[in-house]
Amino acid sequence: MDFLVAIFLCALVGQSTAMQIKTIPCPSTEQEAKISKVDMTPCNQQPCLLAKGSHYKFTVDFTTGVTPAEIPSITTGLYGLIEGIPVRFPGFNQTDACKGCNLACPLAANKSYSYELDIYVDPLKVIDIDVVVRLDLKDNASKKNLFCMETEVKVVG
């Protein structure tokens with residue numbers, strides 16, 4: 001009986017935890033990498049509902065371009081677009097993409113990577129809002145975007 005309950009709970013968790021989400025490239029930006037897939041965990045509908053006080057993970061699968069030959073360091077930007085203006089995501093401090101995000105820098109040219117970003121929706125710093133989230137990774141040497149993408153989310157109480 002306990003075995004059947006465990007299987008049922010695993011099936012429920014698997015159904016409601018991760019979802020491949022729709023994204024669009026940021027307007028007016030050249031990108032050095034090509035995104036193949038973006039997942040958000042937990043998420044079971046789009047736009048994803050971000051509950052205050054909860055943690056979420058973006059996983060972005062991408063392939064670097066042929067140039068530059070290597071990318072030594074990368075900066076992460078996470079923003080909410082308020083009336084079209086990028087506003088830094090409240091409480092977000094994880095700006096070094098080479099630390100704690102499943103990337104080992106330097107990145108090589110023409111290789112596939114999986115970037116993982118954990119975010120916390122701080123109930124003291126975020127209001128209930130429908131917002132477009134912008135996630136970008138910048139090559140610190142060239143100042144160009146590795147990638148920049150946007151997706152809609154709903155922050156709920």
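**Figure 1. Strands E1 and E3 pair in the antiparallel sense.** Two bridges join E1 to strand E3, which covers residues 33–41. The model shown here, as in every view below, is predicted. Met 19 has Met 40 in E3 as its bridge partner. The two strands belong to an open sheet of four strands. Its order is E1-E3-E5-E10, and the pairing is antiparallel. Strand E1 (19–20) and E10 stand at the edges, each with a single partner strand, so one side of each has no neighbour in the sheet.

**Figure 2. The whole chain holds one helix and twelve strands.** Read along the sequence, the pattern is α-β-β-β-β-β-β-β-β-β-β-β-β. The protein chain has 157 residues, and 34% of them count as buried. Take the contacts with a separation of 6 or more: residues 24 or more positions apart account for 68% of them. The accessible surface comes to about 8900 Å². Carbon and sulfur atoms make up 57% of that surface.

**Figure 3. Strands E7 and E8 form a hairpin.** Strand E7 spans residues 74–82. Strand E8 spans residues 85–88. The two run antiparallel and are joined by four bridges. Ile 82 stands opposite Ile 85 in E8. Two residues lie between the strands of this hairpin. Glu 83 takes a positive phi there, near 55°.

**Figure 4. Ile 82, Ile 85 and Val 87 form a nonpolar patch on the surface.** Together the three residues have about 240 Å² of accessible area. Ile 85 sits in strand E8. Is Ile 85 buried or exposed? Its relative accessibility is 52%, so Ile 85 counts as exposed. Ile 82, another member of the patch, is the residue opposite Ile 85 in the hairpin.

**Figure 5. Gly 77 is a buried residue of the hairpin strand E7.** Gly 77 counts as buried because its relative accessibility is 1%. Which residues does Gly 77 touch, leaving aside its neighbours within four places in sequence? Its contacts are Arg 88, Arg 134, Leu 135 and Asp 136. Gly 77 and Lys 138 are 61 residues apart in sequence. In space, their C-alpha atoms are 8.0 Å apart.

**Figure 6. Asp 136 is buried yet has no salt bridge.** Asp 136 lies in strand E11. The nearest side chain of opposite charge is that of Lys 138, 4.4 Å away. Why does that pair not count as a salt bridge? The nitrogen must be within 4 Å of the carboxyl oxygen, and the distance here is 4.4 Å. Asp 136 also has contacts beyond its neighbours within four places in sequence. Among them are Thr 75, Thr 76, Gly 77 and Tyr 79. Asn 145, Phe 147 and Cys 148 are in contact with Asp 136 as well.

**Figure 7. Arg 134 and Glu 150 meet in a salt bridge.** The N to O distance between their side chains is 2.5 Å. The pair links distant parts of the chain, 16 residues apart. Arg 134 is in strand E11, while Glu 150 is in strand E12 (residues 145–156). Arg 134 has a relative accessible area of 17%, so Arg 134 is buried. Glu 150 is buried too, with a relative accessible area of 7%. Arg 134 is also one of the contacts of Gly 77.

**Figure 8. Asp 128 forms a salt bridge with Lys 52.** Their closest N and O atoms are 2.8 Å apart. Asp 128 lies in the loop between strand E10 (112–120) and strand E11 (129–139), and Lys 52 in the loop between strand E4 (48–51) and strand E5 (55–64), so the pair ties together parts that are 76 residues apart in sequence. Asp 128 counts as partly exposed, at 46% relative accessibility. Lys 52 is partly exposed as well, at 23%.

**Figure 9. Lys 37 and Asp 39 join their side chains in a salt bridge.** Side chains of opposite charge can pair when their charged atoms come close. Here the N to O distance is 3.4 Å. How many salt bridges does the structure hold? There are four, and the pair of Lys 37 and Asp 39 is one salt bridge of the structure. Lys 37 counts as partly exposed, with 31% relative accessibility. Asp 39 counts as buried, at 16%.

Terms used. Residues numbered from 1 in each chain as written. Predicted model: local features only at pLDDT ≥ 70, side-chain atom pairs only at ≥ 80, totals over all residues. Heavy atoms only, no water. Patch = residues over 30% accessible without salt bridge, like charges linked within 9 Å, V, L, I, M, F, W, Y side chains within 5 Å. Areas by Shrake-Rupley, 256 points an atom, 1.4 Å probe, with all protein chains shown as cover. Buried < 20%, exposed > 50% of the residue type's maximum accessible area, 1.4 Å probe, protein only. Lys, Arg positive; Asp, Glu negative; His and termini not counted. Contact = heavy atoms within 4.5 Å. Pairing = 2+ DSSP bridges.
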